[in-house]
Amino acid sequence: MSSPITFSGFNNIDFNTVLNALMQQASEPLTDLQNRQTDLKTQISSFDTLNARVASLRSAADALSSLSSVSTVAGTSSDSAVAITTNTNAAAGHFDVIVQSLARAQVTASTSVAPDATSTIVASGGTLTIGGVDVAITGDVTLQQLADTINQTADIGVNAAVVRTGTSSYKLALTSLQSGADYAFTVTNNLTGGAGVTFGTNAVEASDASILFNNIEITSSSNTFQDVMPGVTLTVSKADTTKTVGVDVAPDSSALADKVNAFITAYNNIISFIGDQRTSAANGDTSSIGRDPLLRNLRSSLRDELLGVYGSASFARLTEVGIEFTRDGTLSLNQAKFDDAVATDGDDVRTLFAGTGGAFPAVEAMLDTYSGSGGIIPSVQARMNQQLTSMNDQISAMQARLAQQRQSLQQQFTDADSAISRLNSQSSSLGSIGSSLKSSF
């Protein structure tokens, strides 16, 4: 900023006031441009918000856009010892389950005992073969070092750990990384030197889990039984041959309703945003995007898609399964109508949502034209950012010109002030001379 004008004190003209008034008038175009820039920044931020809300709606639509993601059945169990999960391939039915045994991983512990884990040398060479994989020892190792060497061996299939079994009593425990009889392992000890390590019988034998499923015996290497029936997976946690656990697969709308409600919430967030922007614009807010035709087109496109006819099943419109518009243009879920549709024909609901020509794939595709790469919203944002960059350049140039103008005016006023001061001084001198001449006559 230029230094202020220093006045002589011999005139009554306030050049600073004059200069500031002139510069304020000259700065009006800059102020107008800066105000437009502020509005533009707010509009860009508003489009960011809109784009984020459209992306959220697209994500919610995606969760309803494939048959594998929309399920109208769910599994229940009469006992926590048997947990059931289902997917969209599951069919309704009741099943009796008896858990005969749980899967176990083999555990083999050394019969030899070391007085400590980190100082006593238990081997100095040779190999320890575990499940057909050789663990080579090339120097003195303690029990802990032997465990570390085993764990560092590729494809060994076991975990080695030092177990403290008492005062000055440590053993090496080998545990299979996977349960089940197929993952049993043998130990062949060819270690040499040191105090030695020996192995005996297994502490835990590898075994498969076994259940009776509607009196059909089924085994698994783990405690999870994948696809015992299409779309049905059981996980067992307690064996009890005297107890029959009932599991059921039945029509259920809750999980699907949660996804539908997530979509409705995301849709209503967009409608609320558009409404707020339109209200602001109507109230004269120049930073609002409420008058941009994009908002009107987006709302219209969404409504058209959600009111469209889809699929080839008994349900052809979303309104027929309870996804309805309210008077204010938002969406709501008629839960009773939705539950009834799922109970009546869940597969047709799924087809309406996500089948060939389904509603939500269509919504998703439409939203991609707005928020996807090269979509309408990113294109608008790119154009506005270019405009913002141009404004920044214009503002910088105008500020530079105004600074030069102020400096020039300041110099002119300083010179004028100096000239007036000189004239005032000369006038005073002339007045003194005149007075002297008068007094001499």
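**Questions about a predicted model**

Me: Where does Val228 lie?
Reply: Val228 lies in strand S14, residues 224-229. The model is a predicted one.

Me: Why is Val228 called buried?
Reply: Its relative accessibility is 17%. Buried means under 20%, so Val228 counts as buried.

Me: What is Val228 in contact with, leaving aside its neighbours within four places in sequence?
Reply: Val228 is then in contact with Phe213, Ile218 and Leu234. Contact here requires heavy atoms within 4.5 Å. As for Leu128, it is 100 residues from Val228 in sequence and 40 Å from it in space, C-alpha to C-alpha.

Me: How many salt bridges does a search of the whole structure find?
Reply: The search finds five salt bridges.

Me: What makes the pair Glu364 and Arg58 a salt bridge?
Reply: Their side chains meet at 3.1 Å, N to O. The cut-off is 4 Å between a side-chain nitrogen of Lys or Arg and a carboxyl oxygen of Asp or Glu, so the pair qualifies as a salt bridge. Glu364 is in helix H7 and Arg58 is in helix H2 (residues 28-62), 306 residues apart, and the pair links distant parts of the chain.

Me: Are Glu364 and Arg58 buried or exposed, and how do you know?
Reply: Glu364 has 11% relative accessibility and counts as buried, because buried means under 20%. Arg58 has a relative accessible area of 26%. Partly exposed is the range between under 20% and over 50%, so Arg58 is partly exposed.

Me: What makes Asp368 a salt-bridge partner of Arg58?
Reply: The closest N and O atoms of Asp368 and Arg58 are 2.4 Å apart, and the limit is 4 Å. This pair also links distant parts of the chain, with Asp368 in helix H7 and Arg58 in helix H2, 310 residues apart. Asp368 has a relative accessible area of 29%, so it is partly exposed.

Me: What makes Glu324 and Lys337 a salt bridge?
Reply: Their closest N and O atoms are 3.4 Å apart, set against a limit of 4 Å. Glu324 is in strand S17 (residues 323-325) and Lys337 is in helix H6, 13 residues apart. Glu324, at a relative accessible area of 23%, is partly exposed. Lys337, at 33% relative accessibility, also counts as partly exposed.

Me: Which residues are joined into one network by salt bridges that share partners?
Reply: The network joins Arg58, Glu364 and Asp368.

Me: Why are H6 and H7 called roughly parallel?
Reply: Helix H6 (residues 335-354) and helix H7 (residues 359-371) pack at an angle of about 15°, with their axes 3 Å apart. Angles under 35 degrees count as roughly parallel, so H6 is roughly parallel to H7. Leu352, Phe353 and Ala354 of H6 make the contact with Ala359, Phe360 and Pro361 of H7. By class, that contact has six nonpolar, no polar and no charged residues.

Me: How do you know that H2 and H5 are roughly parallel?
Reply: The axes of H2 and helix H5 (residues 293-306) cross at roughly 10° and come within 13 Å. Since roughly parallel covers angles under 35 degrees, H2 and H5 are therefore roughly parallel to each other. On the H2 side Phe47, Leu50, Val54 and Leu57 take part, and they meet Leu294, Leu295, Leu298 and Leu302 in H5. The classes in this contact are eight nonpolar, no polar and no charged residues.

Me: What makes H4 roughly perpendicular to H6?
Reply: H4 and H6 pack at an angle of about 90°, and their axes are 11 Å apart. Roughly perpendicular runs from 65 to 115 degrees, so H4 is roughly perpendicular to H6. The residues in contact are Leu256, Ala257, Val260 and Asn261 of H4 and Gln335, Phe338, Val349 and Phe353 of H6. They divide into six nonpolar, two polar and no charged.

Me: How does the reach of H4 compare with what is expected?
Reply: Helix H4 (residues 254-282) has 29 residues and reaches 41 Å from its first C-alpha to its last. The expected value at 1.5 Å a residue is 42 Å, and the reach of H4 is close to that.

Me: What is found just after H4?
Reply: Gly284 takes a positive phi of about 90° there.

Conventions. Residues numbered from 1 in each chain as written. Predicted model: local features only at pLDDT ≥ 70, side-chain atom pairs only at ≥ 80, totals over all residues. Heavy atoms only, no water. Helix = DSSP H or I, 4+ residues; strand = E, 2+ residues; numbered from the N terminus. Expected span 1.5 Å × (residues − 1). Axes fitted to C-alpha atoms, helices over the stretch in contact; angles between N-to-C directions. Parallel < 35°, antiparallel > 145°, perpendicular 65-115°, else oblique. Nonpolar A, V, L, I, M, F, W, Y, C, P; charged D, E, K, R; others polar. Buried < 20%, exposed > 50% of the residue type's maximum accessible area, 1.4 Å probe, protein only.
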